[in-house]
Amino acid sequence: MTTAKKQKTKAGSAKAAAELRLVKEAKIKDLIGDAAGDRLEASGVLYRDGVFLVVCDNLPFFLRISGELSPKAPENGALGAERGKAAKKKGKQEGKKEAAAETEGYEDLAYDPSGERHFTLSEAVPVKPEGFRARVQEYDARLRPRGTATLDFALSDANKGLEGLEWVERGGTGYLLGLCEGNRCTGGKEGRKPGGGRIQVFRRGTEQWDRTDTIRLPASLPFEDYSSVSVRDGRIAVLSQASSALWVGRLSPKKWQVDEGTVYSLPTDDKGRTVYGTAEGVSWISRDHVVVVSDRAKKGQESDHYRAKDQSIHVFLIPSGG
C-alpha cells in the first residue's frame, strides 16, 4: 500500500505517546498448519469468547485461532475453506467476474451479538452504471452465508475503499461503521495527507446499507492511512499500517463523535526501526489489551524488518492511561 520509506517516516511522526507492549505473538501458519495454504494476507481480526476469528484479503473463508496462540489448540483451523474454494472455482469456470470477485477475500469483519450475525467487508467492488461501492457479506452464527449488500457510499478509487468494519448498537438499532482507508476517503496524494480520517456510519435499508452519518477522526491524527477499527465499551481503536500505530479514543454514546484520544506506536526494534509494517486488523480483547494481525510483506517493503512479523497475530498491552 505504501513504500517502506513512507512507512518509516510516518511511524516516526506517530510517536506522540508511548509504545504498545507486546504480550505474545505467533505466525498464523504455525498455528493452523497447512489448512489455508502458504499465503496468509491477514486483514481483519475479531476476538470473541476466547477465540480469534481472522480473515485474509486473499482467502474466501475464515481462520479460527485459540486465544492462547497455541499450535496444538483444537480450535485452530480454517472454517468454510472447502465451500469458499468451491465457490471461487465455480465463479471463475463460469466466467462470472462478479462471483469470483466476491470470493477473493475480505478486508475486515464485525459481529452483531444481538442477532448472532457476522459481517465481512469487501473493500471496493464495481457497481452499475459506473463507480465503486464497498460490499458487506452476512453470515449466521455458524458462519453460513446469508446474503450480500452494498454500502451506500461512492468510492473514487477501487484500491482505496473501505478498510475497516465494526458493529455498534444504539437504542435497539444496529449500525455498521466503515473506515475509509485514505484521508478524506480519497486516494492518491490527497488520501495520504494526514488529518482527514473518516468513518462512515450505515444502517440496514431495504436493498442496501444506507449511510446515515460520518465520524470525523481528530484532525491532529498524523496517520497516512487507516486499516481497521474496533469499538468496545465506548472506546474506539483505529489502526494505521503506514504509520505502524494505534489511535485510542472515546466514542460519544449519543453522537457520532470522538474525542482527541491518544496515539500509540507499535513496538520498534532496538535501533528504533519499524518492524510491524504490515499491521492490518485490530480488535479489542479487554479494556487494556488488543489483538492485531499482520498482512504479508509486499515487494518493495523492508522485507528483513517486516517479514519477521508478517502473516502473524499479535497481542498488545496498552500502557496505563490509554
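**View 1. The lining of the largest cavity has no nonpolar residues.** In this predicted model, the lining is made up of 6 polar and 5 charged residues. That's 11 residues around the space, and Lys-160, Gly-182, Gly-191, Arg-192 and Glu-224 sit nearest the centre of the cavity. The volume of this cavity comes to about 40 Å³. How many cavities of 30 Å³ or more does the structure hold? There are 2.

**View 2. The largest pocket has a volume of about 540 Å³.** Its lining takes in 29 residues. Want to find the middle? Look for Glu-166, Trp-167, Val-231, Arg-232 and Asp-233, which lie nearest the centre of the pocket. As for classes, this lining splits into 17 nonpolar, 4 polar and 8 charged residues.

**View 3. Strands help to line the largest pocket.** Strand 2 (42-48), strand 6 (108-112), strand 10 (162-170), strand 14 (228-232) and strand 18 (279-286) each give two or more residues to the lining. Which strand supplies the largest share? Strand 10 does, with 6 residues.

**View 4. Some stretches of the chain have a pLDDT below 50.** Across the chain, the pLDDT averages 88, and 85% of the residues score at least 70. Residues 1-15 are one stretch where the score is below 50, yet they have 44 contacts in the model beyond near neighbours in sequence. Residues 97-102 are also below 50, and this stretch has 6 such contacts beyond near neighbours in sequence.

Terms used:
Residues numbered from 1 in each chain as written. Predicted model: local features only at pLDDT ≥ 70, side-chain atom pairs only at ≥ 80, totals over all residues. Heavy atoms only, no water. pLDDT = per-residue confidence, 0-100. Contact = heavy atoms within 4.5 Å. 1 Å grid on protein atoms, 1.4 Å probe; cavity = no way out; pocket = protein on both sides within 12 Å on 5 of 7 lines; lining within 4 Å. Points joined across faces, edges and corners; volume = space filled by probe spheres on them. Helix = DSSP H or I, 4+ residues; strand = E, 2+ residues; numbered from the N terminus. Nonpolar A, V, L, I, M, F, W, Y, C, P; charged D, E, K, R; others polar.
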